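Welcome! Here is a short briefing to help you find your way around this structure. Keep the view open as you read along.

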Amino acid sequence: MNDMTPDREERSANLKGMGCSRKRVEDARFTQGKGNYVDDIKLPGMLHGDFVRSPYAHAKVVSVNKEAALALPGVVAVLTAEDLAPLNLHWMPTLAGDKQMVLADGKVLFQGQEVAFVVASDRYIAADAVELVEVEYEELPVITDPFESLKSDVVLRPDLDGQTEGAHGPRKHHNHIFTWEQGDEAGTNQVLDNAEVVAEETMYYHRTHPCPLETCGSVASMDKVNGKLTLWGTFQAPHVVRTVASLLSGIEEHNIRVVSPDIGGGFGNKVGVYPGYVCSIVASIVTGVPVKWVEDRMENLMSTAFARDYHMTGKISATKEGKITGLHCHVTADHGGFDACADPTKFPAGFMNICTGSYDIPVAYLAVDGVYTNKAPGGVSYRCSFRVTEAVYFIERMIEVLAIELDMDAAELRRINFIKKEQFPYTAALGWEYDSGDYHTAWDKALKTVDYDGLRKEQAERVEAFKRGETRKLMGIGLTFFTEIVGAGPVKNCDILGMGMFDSCEIRIHPTGSAIARLGTISQGQGHATTFAQILASEIGISADSITIEEGDTDTAPYGLGTYGSRSTPVAGAATAMAGRKIRAKAQMIAAYLLEVHDDDVEFDIDRFVVKGAPEKFKTMKEIAYAAYNQAIPGIEPGLEAVSYYDPPNMTYPFGAYVCVMDIDVDTGVPEIRRFYALDDCGTRINPMIIEGQIHGGLTEALAVALGQEIAYDDIGNVKTGTLMDFFLPTAWEVPNYETDYTVTPSPHHPIGAKGVGESPHVGGVPCFSNAVQDAFRAFGLRHTNMPHDHWRIWQTANKLGLHE
Amino acid sequence: MSDKMHIKLTVNGEPKEFLAEPRELLIYALREKLDITGPHVGCDTSHCGACTVTLNGKSVKSCTMFVAQANGAEITTIEGIGAPDALHVLQESFKEHHGLQCGFCTPGMITRATKLLEENPSPSEEDVRFGMAGNICRCTGYQNIVKSILAAASEINSAKEAAE
């Protein structure tokens with residue numbers, strides 16, 4: 001069957017299946033302005049909601065006076081915690097096992113917190129009314145530093161008073177949330193105490209924000225006649241929202257329909273459940289008409305879903321030759337006023353325990369302390385699997401610091417410590433079982449392509465020229481080798497609010513041989529409608545062009561946990577392949593009946609079943625589909641449909657080798673990216689065009705985070721970066737062209753061997769950009785400096801190193 | 001709140017008349033009064049360009065202009081560029097070169113790019129990157145957007161040459 005005759009080649013190409021750069025089916029509507037995003041939804045009689053938000057980071061709410069607002073023509077309602085309390089909706093559970101105020105219940109814990117919800121006939125009147133709501137606050141001491149918080153007498157969360165036990169074990173202090181420990185503490189300490197070389201470093205991975213171009217929003221419509229609630233919104237996990245909405249509101253789940261329409265980017269921002277969603281639902285129930293809530297950019301940056309904010313301390317030990325012997329990591333995690341981190345239940349610090357990276361480290365220990373402060377809640381995975389960016393940044397910086405300690409080349413240090421190909425499946429010191437990898441091949445390919453030795457030679461010459469006063473530009477070579485852990489995940493250890501993290505696909509083949517497939521995931525730009533059809537085309541022999549992919553409507557799609565953490569291809573993609581195989585199994589029986597042979601005497605061939613040894617006798621999938629609906633076949637039910645709920649046996653572990661070459665002007669602090677080479681191994685490649693697009697995008701979000709993007713607060717908790725004037729989103733002008741490359745190491749446990757790719761470039765890109773900046777100054781004694789490396793901070797680094805003298 | 005004004009616009013070749021408060025932003029008038037939802041609101045501060053329209057021949061961020069200021073203007077939005085059976089070269093090119101992902105910035109991007117290519121029919125890569133710097137995309141990293149625009153420019157120029 002492997003000899004591809006021209007006929008078979010053509011039939012195979014017509015399928016537009018896996019491996020081809022199929023053009024996207026989504027693009028027709030988006031290029032013509034016919035996308036349907038949540039703010040495009042307009043229903044008869046629809047009202048607009050807007051929030052009164054706290055200007056203070058920590059204050060008592062003494063009173064809320066709605067009178068003037070209610071008197072404004074067009075204002076229909078003003079909701080406060082008092083109004084929500086009888087419904088028990090003034091607080092809501094968070095994904096992290098904490099609870100969060102929907103509307104301020106006596107106090108506020110961060111600037112921008114939701115205090116009252118105004119409902120009016122249009123957005124301008126709602127905004128006017130927000131100004132008319134009089135709130136009396138009594139300021140309280142503000143804590144924006146987690147270390148200070150753990151020492152402070154100020155109780156941020158009096159509602160938890162006396163609770164010494166949280167969702168993740170004992171609480172050590174009234175502002176402490178949890179301690180999460182992984183690995184062998186005693187064993188690690190013993191190795192570190194007796195090591196030939198130990199490198200220590202403290203680093204802060206700053207707070208930032210996913211900032212998709214579309215902000216969060218929802219439209220709730222309570223149909224009181226039929227008792228049905230429909231909720232459209234920016235949901236990366238619509239089924240989870242339906243279940244949460246049911247639990248919160250008491251409306252039975254079958255009476256709730258949640259729809260994620262087109263989503264204008266998510267990157268983790270749209271995983272959580274926000275007060276705006278709850279308030280739009282309550283307001284629609286109260287008013288009996290549809291209510292829309294859409295946050296503006298400032299509200300988005302101030303209140304929904306920060307990312308990172310990890311203070312990390314590491315110790316790494318090695319032999320004098322550079323063989324790593326142990327790793328110790330402690331994290332103080334700033335979770336803000338409520339613990340609303342979006343992680344699987346059993347993982348309060350996500351998969352931070354992938355922090356041993358791509359290296360064969362015999363013993364390791366990780367401890368994470370979660371802490372409350374007067375900052376916004378969130379803690380989402382911004383373009384990464386749960387806290388994987390933090391983990392990879394940590395280990396890739398520790399490797400660089402160890403290289404400095406050993407006076408060794410950082411590329412060679414990585415190479416001698418990589419997990420070897422023959423060690424897979426590899427069980428890491430902190431417990432994860434890496435499915436497959438070939439790190440040495442990828443690393444060697446990357447270093448050879450960029451002429452690594454030549455770059456180091458050029459860099460050394462540049463340093464000499466700089467010292468002679470011939471140039472003011474230094475050269476940095478950023479290296480990163482990352483291993484991700486994505487595709488959450490096995491139901492045995494991964495759940496969100498108790499719901500196992502499987503995913504699903506349901507396929508219906510129509511009588512004329514076209515099909516519709518529905519999934520539990522939801523695209524936010526990843527091109528699912530294009531790529532999932534390709535998986536199916538290869539599995540069931542129907543052209544991708546004849547397959548509709550539909551997601552995001554809980555009334556029609558099978559239950560799934562949604563799209564984040566690069567889980568769509570690893571989990572829903574697997575479900576798609578498995579459902580396709582069920583279709584194929586039934587098709588085989590139908591084909592055998594039609595061809596009057598035994599089931600075992602036919603075999604699948606691209607788009608048909610053929611009689612073994614007699615390929616001229618066949619039935620195409622189109623013929624089989626028709627027969628499934630119009631022929632009475634003994635022992636076989638009519639129809640051709642299948643559904644698969646896929647519980648993955650393991651995570652998948654994509655990896656990659658990145659190199660960034662940068663020139664830095666020490667007098668202006670401006671970095672110029674000369675070259676960025678990204679080799680990714682995401683296992684089986686479904687659509688190379690889309691993979692490359694994902695890599696360009698993820699690298700650009702990495703550039704942003706490494707080189708300037710942050711959510712910063714002043715000492716009294718004011719957000720200093722609340723608009724795009726201060727919050728850095730790179731434009732075409734700041735962004736380089738990237739070179740992409742790949743190796744293919746399929747996942748052994750995934751039905752098609754795919755591992756997921758959307759987040760790899762961000763996870764690998766952040767340390768690579770940061771390492772490039774820091775490497776430029778290595779020759780002048782820099783060991784570590786924190787991100788974001790904006791021009792001012794780079795200039796300061798140069799200045800501290802005496803390079804301006 | 002203040003008295004409403006009588007506004008007249010020509011949008012995508014069609015005359016439109018409606019009442020609006022002078023403080024109403026052009027983007028909301030387009031989206032909510034005229035149901036032209038191609039232009040989007042992304043930032044409120046003129047940075048992202050998702051709301052870009054062409055107004056009297058110039059690229060304008062419609063989130064930073066009052067509808068009153070636009071009174072009498074001729075406006076083209078993404079809905080007025082190409083038709084389902086006759087896409088604009090740029091629309092085809094964005095599809096061909098994977099110049100979009102979530103699609104939220106795309107209407108603004110393409111609307112701006114039509115003007116960019118009128119202003120400079122043979123731009124260099126640097127010209128495109130500079131000329132598009134008022135439009136933010138969070139998904140693509142711009143590489144394929146730049147590629148799409150350069151390919152469209154070259155196609156338009158080839159077609160012109162063939163016609164001459």
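In this predicted model, helix α14 (residues 452-467) of chain A lies across strands β23 and β33 (655-665) of chain A. The helix runs at about 145° to β23(A). From here, the briefing moves through the sheet, the domains, the chain contact and some helix pairs.

**The sheet and its helices**

- What is the strand order of the open sheet in chain A? Its 4 strands follow the order β23-β33-β34-β35, and the pairing is mixed.
- β23 (473-483) and β35 (739-742) of chain A are the edge strands, each pairing on one side only.
- From one strand to the next, the twist averages 15°.
- Strand β34 (residues 671-681) of chain A runs parallel to β35(A), and 4 bridges join the two.
- If you would like a spot to zoom in on, A678(A) stands opposite T740(A) in β35(A).
- In general, the strands of a sheet pair through backbone hydrogen bonds, either parallel or antiparallel.
- Helix α18(A) also has a place on the sheet: α18(A) lies across β34 and β35 of chain A, at about 135° to β34(A).

**Where chain A meets chain B**

- The contact between the chains involves 42 residues of chain A and 47 residues of chain B.
- On the chain A side, the elements giving two or more residues are α2 (27-31), α5 (123-132) and α18 (688-707).
- Which of these gives the largest share of that side? It is α18(A), with 6 residues.
- Sorted by class, the chain A side has 16 nonpolar, 15 polar and 11 charged residues.

**The domains of chain A**

- The domain assignment splits chain A into domain 1 (38-140 + 214-264 + 271-303), domain 2 (306-487 + 651-800) and domain 3 (503-646).
- The centres of domain 1 and domain 3 of chain A, taken over C-alpha atoms, are 41 Å apart.
- These two domains of chain A do touch: 13 residues of domain 1 are in contact with 13 residues of domain 3.
- On the domain 1 side of that contact, α8 (238-249) and β15 (256-259) of chain A each supply at least two residues.
- Helix α8(A) gives the most to this side, with 4 residues.
- The domain 1 side is made up of 8 nonpolar, 3 polar and 2 charged residues.

**A helix pair in chain A**

- Helix α11 (residues 388-406) and helix α12 (residues 410-417) of chain A pack at an angle of about 110°, and their axes are 9 Å apart.
- Because of that angle, α11(A) and α12(A) are roughly perpendicular to each other.
- I399(A), E400(A), L402(A), A403(A) and L406(A) are the α11(A) residues that meet A410(A), L413(A) and R414(A) in α12(A).
- This contact of α11(A) with α12(A) has 6 nonpolar and 2 charged residues, with no polar ones.

**A helix pair in chain B**

- Helix α2 (residues 89-96) and helix α3 (residues 106-119) of chain B have axes 10 Å apart and pack at an angle of about 130°.
- The two helices, α2(B) and α3(B), are therefore oblique to each other.
- The crossing of α2(B) past α3(B) is right-handed.
- L90(B), Q91(B) and F94(B) in α2(B) come together with T106(B), I110(B), A113(B) and T114(B) in α3(B).
- The residues of this contact of α2(B) with α3(B) comprise 4 nonpolar, 3 polar and no charged.

Terms used: Residues are numbered from 1 along each chain as its sequence is written. Chains are lettered from A and ligands numbered from 1 in the order in which they are written. This is a predicted model: local features need pLDDT of at least 70, side-chain atom pairs count only at pLDDT 80 or more; totals for chains, interfaces and linings use all residues. Two residues are in contact if their C-beta atoms, placed from the backbone, lie within 7 Å. Ala, Val, Leu, Ile, Met, Phe, Trp, Tyr, Cys and Pro count as nonpolar, Asp, Glu, Lys and Arg as charged, and the others, Gly among them, as polar. Axes are lines fitted to C-alpha atoms, for helices over the stretch in contact, and angles run from 0 to 180 degrees between N-to-C directions. Angles under 35 degrees count as roughly parallel, over 145 as roughly antiparallel, 65 to 115 as roughly perpendicular and the rest as oblique. A crossing is left-handed if the near helix is turned anticlockwise from the far one by less than a right angle, and right-handed if clockwise. Domain bounds come from an automatic or database domain assignment. Two strands pair if DSSP finds at least two bridges between them.
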